[in-house]
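Reader: Could you walk me through this one slowly, please?
Author: Gladly; here it is.

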Amino acid sequence: MRLMMRWIAGMALTLAVQVARADAPRTVDASFSRAPLPAGVKAGWQHSPYAADDCSICHERNDRKNPGRVAKNGTALCLECHGEFEALKAEKYQHAPVFADCMKCHNPHESQQRKMLHADSVYGLCTACHQGVKSAAETATVKHDPVTKGRACLSCHNPHAARVEKLLSAAPFDQCIECHSRPGLTDDKGVPLTNFKQLLAENKVLHDPVASKDCSACHTVHGGENFRMLTTAYPAKFYAPYDPQNYALCFGCHNDQVVAQPETTTLTRFRDGSRNLHYVHVNKAERGRTCRACHEVHASPYPHQIRHAVPYGPKNWMLKVGYEPTATGGQCAKTCHDTKPYVNRAPTAVAR
Amino acid sequence: MIRPEDADAMSRCFLRSACTVAAVALLASAFPASSDALVKPGAVVQDMTLPALGGGAQRLFSDAKVHILVFFRPGERSRETLTELAACERDLRERSVRIVGLVSSSVPLEEASTFVRETQLQIPVLVDEGDALYAALEVMQHPALVMTDGARRVFAVQPYMKLRFCDLVRARVRHQLGEIDDVRLQAELDPGRMPLPSDDRVAVARRHAMLGRRQLEKGNCAGALKSFEAALAADPTNANALEGKRRCEQP
């Protein structure tokens, strides 16, 4: 009874979080004061004309207490000096506020933030409008530190214009690898994270999303509910009872029938005649071998990203997979089991 | 006595079977019955006639200069891809491009029709009987785009992408049609890093020099000199700053 109540409470909480996220508007139109900071508040960054007491550069008069109206409205005034922003109009993806009103993001006089940005942080400024991101980042089970700390959004996004959608400063992988190639990078539990520069230097057979530089295909970047911010479930262990739901990440692209069909000559080359060996290995009620038992997810030295070795058992002994292609199919040398070749060039006529 | 509806069903069944046999035969001649029939750029896809989702049959290829064969199945990623492709298709409509959807015969036809309709992608969709083409090309995943030139030669295989999907498809098509060159294609495939304004030292110098010029015009040489020096700190070659500084320092 207690277990059931806990389950109901858990489901209710999950549902409440989902409803809250669904109700939160993705983007709103926030606004900030454009006046100088209040007296006594120290500015971290001042606009050069304001710092030089040259109010007439922008205003009617050179009178700090009563400068009058600005000479031009909107971005036209800013572009008189900041003319290089005109070129951004030719870029494929533009941030709407940039060409509507620079002061949506910048205080024209001074601020405590670099570049005279409003709010108390880059994250605070961006999420004043982008509330969907704020919600995702703060309610995520697995958080991504670059989203909320340090340069925050500017770690990955160009706030003015970009050549990659979502205003990314570069292709996703090129962004991610800037951090995910630093020696000693760990997660919040101290577990070392993969050094991708090193991984890809040593392993040339790339999973399609990696080859496409599209980390977002599998990872939610602002924060997520799954291990390593994966978009959906992926088995964490070597063995698992077969349930297609547990392989939602892989089956998002890969055909689930490759594991569901005991016989096939079309779905996979991992077959002995028509006997589907994916089915044999994976589709078990108890000790199904999960995808990670044989396949690397990012890159491998072998075709189909077959692993060289896989962590096995409580002490993570590296169990060699021992895969070798053969003239008529392939085989795995004796490790998990005796060496067993398979032939995939003709349908088998013999039922096993 | 055969009822008309049974005769219809039989003839559809015969047509499907005939198409399958023809497809396999044509494919067999293009790809040997071996395990190495993995589609690669340069491989030629044989033309064939396949059943169409809306009824009847259609040839896979037309006289278009580019063909995009879209292998899909009902599911979230195929939905995203087909929806993106609907936007791409509008851009590509004026070009010699034929986009053809391919769905497995194992997917109920009504489900496939509804799925395509919901994505608003308006393309012919053909039924890949027994996954014959999918297997022969070893597509191995859904969604996937196999892109061929006018000679039915594969020039690109585009898997699912969360981001930049349409940009890359458009770039590949435009490159194949000769509208953009290799350099431009590479720029799309690998866009590099977009700098922030503060990364552009020349632009930073220009701003400071412009402020200095305006201060000088108002007779504020002290302020102007600071601005010119800030400009030269960012870009020692800024001519306006050098000239302005010289004018301010004149006795």
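**Two chains and a core**

Author: Chain A and chain B bury about 4,400 Å² between them, with 50% of it on carbon and sulfur atoms; buried area is the accessible area (1.4 Å probe) that two parts lose on being put together, summed over both. This is a predicted model, in which local features need pLDDT of at least 70 and side-chain atom pairs count only at pLDDT 80 or more, while totals for chains, interfaces and linings use all residues. Residues are numbered from 1 along each chain as its sequence is written, chains are lettered from A and ligands numbered from 1 in the order in which they are written, and side-chain values use heavy atoms, leaving out hydrogens and water.

Reader: How many residues of each chain are in contact?
Author: Counting contact as heavy atoms within 4.5 Å, 54 residues of chain A are in contact with 43 residues of chain B.

Reader: And which three supply the most of the area chain A buries?
Author: Cys253(A), Arg269(A) and Arg345(A) supply 14% of the area that chain A buries against chain B, more than any other three residues.

Reader: New topic: which residues have the most contacts inside the largest nonpolar core?
Author: They are Ile68(B), Leu85(B), Leu145(B), Val169(B) and Val173(B), in a core of 30 residues. Such a core is a set of buried Ala, Val, Leu, Ile, Met, Phe, Trp, Tyr and Cys residues joined through side-chain atoms within 4.5 Å, where buried means under 20% relative accessible area (1.4 Å probe, protein chains only).

Reader: What does Val173(B) touch?
Author: Leaving aside residues up to four places away in sequence, Val173(B) touches Val66(B), Ile68(B), Leu92(B), Val97(B) and Met147(B).

Reader: Which residues are in the other core?
Author: Apart from the largest core lies another, of 28 residues, including Ala240(A), Val282(A), Leu126(B) and Val154(B).

Key
Buried means under 20% relative accessible area, exposed over 50%, partly exposed in between (1.4 Å probe, protein chains only).
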